[in-house]
Amino acid sequence: HVVMMHVVMMHVVMMHVVMIHVVMIHVVIHVVMMHVVMMHVVMMHVVMIHVVTIHVVMMHVVMMHVVMIHVVMIHVVIHVVMMYVVMMHVVMMHVVMIHVVTIHVVMMHVVMMHVVMIHVVMIHVVMTHVVMHVVMMHVVMMHVVMMHVVMMHVVMMHTVMMHVVLIHVVIIQKVMSHVTTANHMFLTKLKHLVMALMRVTFPQELSIPPRRTSCS
């Protein structure tokens with residue numbers, strides 16, 4: 001019993017020692033991690049402040065240089081432009097005077113050529129219209145002649161066809177008249193023959209007068 005109690009107590013003590021060590025190790029790890037994180041945060045702030053400060057200073061220096069260079073360049077450009085304007089005025093006055101004389105001569109030549117060309121074009125237009133009118137009159141006359149020929153042909157064909165149809169109608173009427181007359185005569189003779197045969201064959205049944213039988 002004493003040994004078992006001792007073993008149990010030792011086990012409990014050892015478990016507490018192990019648990020305390022585990023907890024302490026976790027605490028130390030957390031402290032170290034927090035320290036590392038805080039150091040990183042502090043270092044990043046220091047670096048960012050340095051970067052921002054250096055960037056601001058550098059941008060200020062660059063912008064001042066750019067502004068100064070622009071001011072100098074603008075002054076130079078203004079001087080160059082002024083010199084150019086003066087020189088151009090001198091040159092343009094000379095050019096304008098020369099051009100005025102030259103343009104006057106050229107314009108007179110252009111106007112004269114324009115007048116001549118307009119006369120030539122107008123004459124060509126008038127001649128073309130005359131030729132077109134002659135051609136159109138020729139086409140119209142040819143159409144009139146062709147229409148007369150076609151109409152005469154149609155009238156002649158119509159007359160011939162009407163004559164042919166009338167002749168056929170008359171011939172058909174004559175033939176039908178002959179056929180109808182012959183057919184009527186044949187049927188009358190056939191009826192009389194049948195009636196005579198019936199009187200001979202069935203004298204008792206046909207005791208009625210012949211005129212009544214023929215009418216029926």
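**Long helix, little cover**

Reader: Why does Val71 count as partly exposed?

Author: Val71 has 38% relative accessibility. Buried means under 20% relative accessible area, exposed means over 50%, and partly exposed is in between (1.4 Å probe, protein chains only). So Val71 goes in the partly exposed class. Before we go on: this is a predicted model, where local features need pLDDT of at least 70, side-chain atom pairs count only at pLDDT 80 or more, and totals for chains, interfaces and linings use all residues. Numbering runs from 1 along each chain as its sequence is written, and side-chain values use heavy atoms, with hydrogens and water left out.

Reader: What about Asn183 and Phe186, and why do their labels differ?

Author: Asn183 comes out at 41% relative accessibility, so it is partly exposed. Phe186 is at 52%, so it counts as exposed.

Reader: Where do these residues sit in the secondary structure?

Author: Val71 is in helix H1, residues 2-201, and so are Asn183 and Phe186. The chain has two helices and zero strands, taken as DSSP runs numbered from the N terminus (helices H or I, at least four residues; strands E, at least two).

Reader: How do you know that the chain isn't a compact globule?

Author: Its radius of gyration is 69 Å, while a compact globule of 216 residues would be near 17 Å. That radius is taken over C-alpha atoms, and the globule rule is 2.2 Å times the number of residues to the power 0.38. The C-alpha box is roughly 165 × 130 × 20 Å along the principal axes. Asn183 and Val52, 131 residues apart in sequence, have C-alpha atoms 135 Å apart. Just 1% of the 216 residues count as buried.

Reader: What makes the group with Phe186 and Leu187 a nonpolar patch?

Author: Patch residues need over 30% relative accessible area and no salt bridge (a Lys or Arg side-chain nitrogen within 4 Å of an Asp or Glu carboxyl oxygen). Nonpolar side chains (Val, Leu, Ile, Met, Phe, Trp, Tyr) are joined within 5 Å, like charges within 9 Å. Phe186, Leu187, Leu190, Leu193, Val194, Leu197, Met198 and Phe202 form such a patch, with about 740 Å² of accessible area together. Areas come from Shrake-Rupley with a 1.4 Å probe, and for residues only the protein chains shown count as cover.
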